[in-house]
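Colleague: I have a few questions about this model. Let's take them one at a time.

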Amino acid sequence: MGYVRFLLSIAAVSVLNGCAGSNHLGSNNLRAGIDPNNASTVAKHSVADGMTSKNTPLATVRPVAKITSVSPADKLIALTFDDGPRPYVLFGRKAVHPAPGLVDILDQNGVKATFFVVGWRLTPKTWGEPKHEEDIGVSCLDAAEQLIRRGHELEDHTYSHLELRSAEKKNGEQWVMHDVDRGAQAIKAVTGTQPRYVRPPDWILTDDARRDLQKQGYRVLTISQENPIALRDVNSLDYLCAGKAVGCPKPSLPDAVLQQIEQRERKGTYTHILAFHELSTTAAIMPKLITELKARGYRFVTLTEYMKLVETKNEIPKQQAAVTKPTSVAALSR
Ligand SMILES: [Zn+2]
C-alpha cells in the first residue's frame, strides 16, 4: 500500500505501531505492534493490588450504554484505542521512564473509552511483544478484564492483526472471516458479550469481505470518505508520534486532532469517533485533549452509546448507517 510505504520511508520501522504497515514487519511485530519508546527492558512492577477480584462474573459488570440525552445539540466524542491490550500503557510504569497509566487518566477525567484489541493477546500468559513492550507483571488478559471492570468496552481488531486484503489474497476470504471471528471469540471469553464492531488493521478490507462481515452482523469501522462523516473514524495519526516522532503532526498531536475536529465542525458535524492507539505517547496527551474537548462542550461516550445517540439524532438514516463502503487508497492517503 502506497500510504504505508510512504510512512515507512519517513519513519523507522520501529516507529510504526502494529496498525500501520503490518505486512512489512517481521512476524512478531506483525502481530504485536510496537511502542519503541518502551523497548528497553526494565525491572518489573506489579499493579496486582489494583486489580479487581476475578470472582465477579465479567458479563454482569459490562457497562450498559446509558442514554441520558438525545439533544440535537449533543457534541459527542467516542475515544477509541487500537492494538492492545498493552498493560504498560494501560497501567503505567514506575521504573526507568515513569508514566501514568491510560486507564487512570481516563478515570480521573470520568471518560469511558472503547478498546479495539488484538485477539492473540487475549490468550493466557501473554504479556505483549517482549522485544518492544515492557512487562509490568500484568498479562494482556488481566488487563482486558480490568478494562471491562472499569467500565470500558472491548471491540474487535482481528485475531492476527494482519493486513486483511493481503491476507485474503494469500489465504482466501474465509480466512479473513475466521480471523475476525477468532478475535471476537477471544473478546467474548473475557466479556461474555459478542463484540459488534470491527476495525480492520490499517482500515484495509476488500469489498466482498466487508459485505460478508456485515452479513455476519459486524459493523466495520472505516475512514472512507464515501461514508457518512459521523461514522467515519478520525485518524489521529498518533502512531507517527511514537519513537523518534518523525512525522508527528504539528504543532502537536492534540492540536492536530483538534484541527481535524474543527474541520468537521465546519461541515456541521459535532460527533466524532477518534481513532488512537495504545501508545505511551498517546496516553501522555490525553489529559490535555480531554480537557480541551470538554471546554468546547464535548462529552465522552463509549462507541455503543455513540452509535445509539448518533442514530437517535437522525443525523444518519439507520439504513445508511448500517452500510459501510470499502476503504480506498485515496482515502488513506489524505
Ligand atoms: Zn492496529
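Colleague: Which cysteines form a disulfide?

Modeller: Keep in mind that this is a predicted model. A disulfide needs cysteine sulfur atoms within 2.5 Å. One pair has its sulfur atoms 2.0 Å apart, and the count comes to one disulfide. The pair is Cys241 and Cys248.

Colleague: What is the handedness of the link of Cys241 and Cys248?

Modeller: Both cysteines, Cys241 and Cys248, are buried. The angle about their S-S bond is 85°. That link is right-handed.

Colleague: Is Cys140 buried or exposed?

Modeller: Buried means under 20% relative accessible area. Cys140 has 0% relative accessibility, so Cys140 counts as buried.

Colleague: Which helix gives the most to the largest nonpolar core?

Modeller: The largest nonpolar core has 44 residues. Leu79, Phe115, Leu274 and Met286 have the most contacts inside it. Six residues of this core come from residues 280–295, the top contribution, and that helix is H11.

Colleague: Which valines is Leu274 in contact with, leaving aside neighbours within four places in sequence?

Modeller: Contact means heavy atoms within 4.5 Å. With those neighbours left aside, the partners of Leu274 include Ile77, Ala78, Leu79 and Thr80. Ile261, Leu289 and Leu293 are also among them. The valines are Val234 and Val257.

Colleague: How many residues does the second, separate core have?

Modeller: Leu76, Phe116, Leu231 and Met307 are among its members. This second core is separate, and its count is 14 residues.

Colleague: What share of the protein's residues count as buried?

Modeller: The protein has 334 residues. Its secondary structure comes to 14 helices and eight strands. The buried share is 58%.

Definitions and conventions: Residues are numbered from 1 along each chain as its sequence is written. This is a predicted model: local features need pLDDT of at least 70, side-chain atom pairs count only at pLDDT 80 or more; totals for chains, interfaces and linings use all residues. Side-chain values use heavy atoms; hydrogens and water are left out. Helices (H or I, at least four residues) and strands (E, at least two) are DSSP runs, numbered from the N terminus. Buried means under 20% relative accessible area, exposed over 50%, partly exposed in between (1.4 Å probe, protein chains only). A nonpolar core is a set of buried Ala, Val, Leu, Ile, Met, Phe, Trp, Tyr and Cys residues joined through side-chain atoms within 4.5 Å.
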